[in-house]
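Biologist: Mind walking me through this one? I'd like to start with the ligand and finish with the fold.

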Amino acid sequence: RAKQEGRHSFCFFTPEMHARLARNLQLVSALRQALNLGQFEIHYQPQVSIADGRIIGAEALLRWRHPELGTVSPAEFIPVAEDSGLILPIGEWVLRCAVRQAKAWLETGLAPLIMAVNLSVVQFRHPDLPKLVTRILDEEGLPPEYLELELTEGVAMQNPQGAIDVMNNLHECGIRMSIDDFGTGYSSLSYLKKFKVYKLKIDQSFVRDISTDPEDKAIVIAVISLARSLGLKTIAEGVETAEQLAFLRNQGCNEMQGYLFSKPLPAEQFEALLKRDTD
Ligand code: C2E
Ligand code: MG
Ligand code: MG
Ligand code: MG
């Protein structure tokens with residue numbers, strides 16, 4: 001019997017699992033060197049006011065190009081970076097670059113942009129986070145109100161009381177927070193009220209079929225009205241069509257981000273767009 005079970009558990013390790021493990025190991029060892037080898041780059045995606053079409057913010061999105069592995073999607077390498085702890089130095093690098101870029105754009109006098117940076121759960125749980133963020137802002141000379149940290153709904157709800165404390169700390173430092181991928185987690189409304197956030201990012205999965213799927217439509221309407229009654233701003237992610245934009249505008253959504261306006265761009269291209277925008 002024991003023998004049978006032993007054999008059974010051995011068989012449980014499928015070829016797919018083996019392939020995934022091998023890929024993970026390959027990614028971890030490549031990620032370990034990626035920072036030093038300068039393989040990372042940040043692209044910036046405009047966040048646009050729906051009322052007047054102006055660029056009012058940018059989301060920093062990490063890009064990784066490896067000579068053999070090619071371009072690896074953050075959806076694949078961020079979880080690997082989190083599991084291996086590498087997300088801490090990588091996340092700090094992203095924060096530093098994005099803050100430095102925000103400062104540079106602020107000095108051009110083109111438009112006062114808010115720079116949004118994604119925060120991993122590992123960074124969010126690190127006790128030194130508020131200290132680290134304030135130090136970077138200080139060193140780069142960016143006033144805290146130009147930085148926004150994006151936290152996914154799932155992360156905030158894993159430990160809501162802990163999240164409230166961290167958010168309070170960051171808030172006291174003058175840093176803005178938003179909830180990313182909103183609607184995909186299970187936020188209790190009572191917590192949402194206690195979270196020191198100023199913006200909800202409506203997840204792109206609801207925006208995609210907004211014009212055809214009655215449930216998605218209902219969810220987006222509900223999120224916008226919930227946000228309004230709590231005094232929060234809303235931004236829709238993944239806006240690709242004029243039809244989606246028209247719907248969002250009618251519902252009173254404040255901002256949009258998506259391919260309809262622009263894909264995430266290298267810094268120089270973003271700046272060119274900004275110049276065109278302010279002309
Ligand atoms: P996210 O923060 O929700 O970012 C939005 C994602 O949607 C980005 O994918 C963006 O390129 C994509 N997107 C924007 N507009 C459209 C659109 O109109 N249509 C479609 N189909 N997609 C659109 P990306 O850059 O591949 O990033 C995926 C996720 O990886 C991000 O989701 C975020 O969770 C994570 N990520 C990216 N950069 C960082 C980082 O520096 N730190 C951390 N912790 N996570 C990051
Ligand atoms: Mg985000
Ligand atoms: Mg998102
Ligand atoms: Mg996402």
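**Around the ligand**

Modeller: Sure, and keep in mind that this is a predicted model. The shell around ligand 1 has 22 residues, and the nearest of them are R63, N118, Q204, E240 and Y259.

Biologist: What is the distance between a polar side-chain atom of E240 and a nitrogen atom of ligand 1?

Modeller: Polar contacts here are pairs of N or O atoms within 3.5 Å. On the oxygen side of the ligand, D180 has a polar side-chain atom 2.9 Å from a ligand 1 oxygen, and for Q204 a side-chain N or O atom is 2.7 Å from an oxygen of ligand 1. With E240 the partner is a nitrogen atom of ligand 1, and the distance is 2.5 Å.

Biologist: How much of the accessible area of ligand 1 does the protein cover?

Modeller: On its own, ligand 1 has 800 Å² of accessible area. It sits in the largest pocket. The share covered by the protein is 81%.

Biologist: Which element gives the largest share of the shell around ligand 1?

Modeller: Look at the elements giving two or more residues: they are α3 (74–84), β6 (176–182) and β2 (55–66). By class, the shell splits into nine nonpolar, seven charged and six polar residues. The largest share is four residues, and they come from β2.

**The whole chain**

Biologist: Zooming out, what is the radius of gyration of the protein?

Modeller: The protein has 13 helices and ten strands. For 279 residues the globule rule gives 19 Å, and the protein comes close to that, so it is as compact as a globular protein of that length. Its radius of gyration is 20 Å.

Biologist: And what does the C-alpha trace span along its principal axes?

Modeller: That one is taken along three axes of the protein. The spans are about 70 × 45 × 35 Å.

Note on methods
Residues are numbered from 1 along each chain as its sequence is written. Chains are lettered from A and ligands numbered from 1 in the order in which they are written. This is a predicted model: local features need pLDDT of at least 70, side-chain atom pairs count only at pLDDT 80 or more; totals for chains, interfaces and linings use all residues. Side-chain values use heavy atoms; hydrogens and water are left out. A residue is near a molecule or strand if one of its heavy atoms lies within 4 Å of it. A polar contact is a pair of N or O atoms within 3.5 Å; within protein, one must be able to donate a hydrogen and the other to accept it, and residues adjacent in sequence count only if both atoms are side-chain atoms. Accessible areas come from the Shrake-Rupley method with a 1.4 Å probe; for residues, only the protein chains shown count as cover. On a 1 Å grid over the protein atoms alone, a cavity is a set of points where a 1.4 Å probe fits but cannot get out, and a pocket is an open set with protein on both sides within 12 Å along at least five of seven lines; lining residues have an atom within 4 Å of a point. A molecule sits in a cavity or pocket if more than half of its atoms lie within 2 Å of its grid points. Ala, Val, Leu, Ile, Met, Phe, Trp, Tyr, Cys and Pro count as nonpolar, Asp, Glu, Lys and Arg as charged, and the others, Gly among them, as polar. The radius of gyration is taken over C-alpha atoms; the globule rule is 2.2 Å times the number of residues to the power 0.38.
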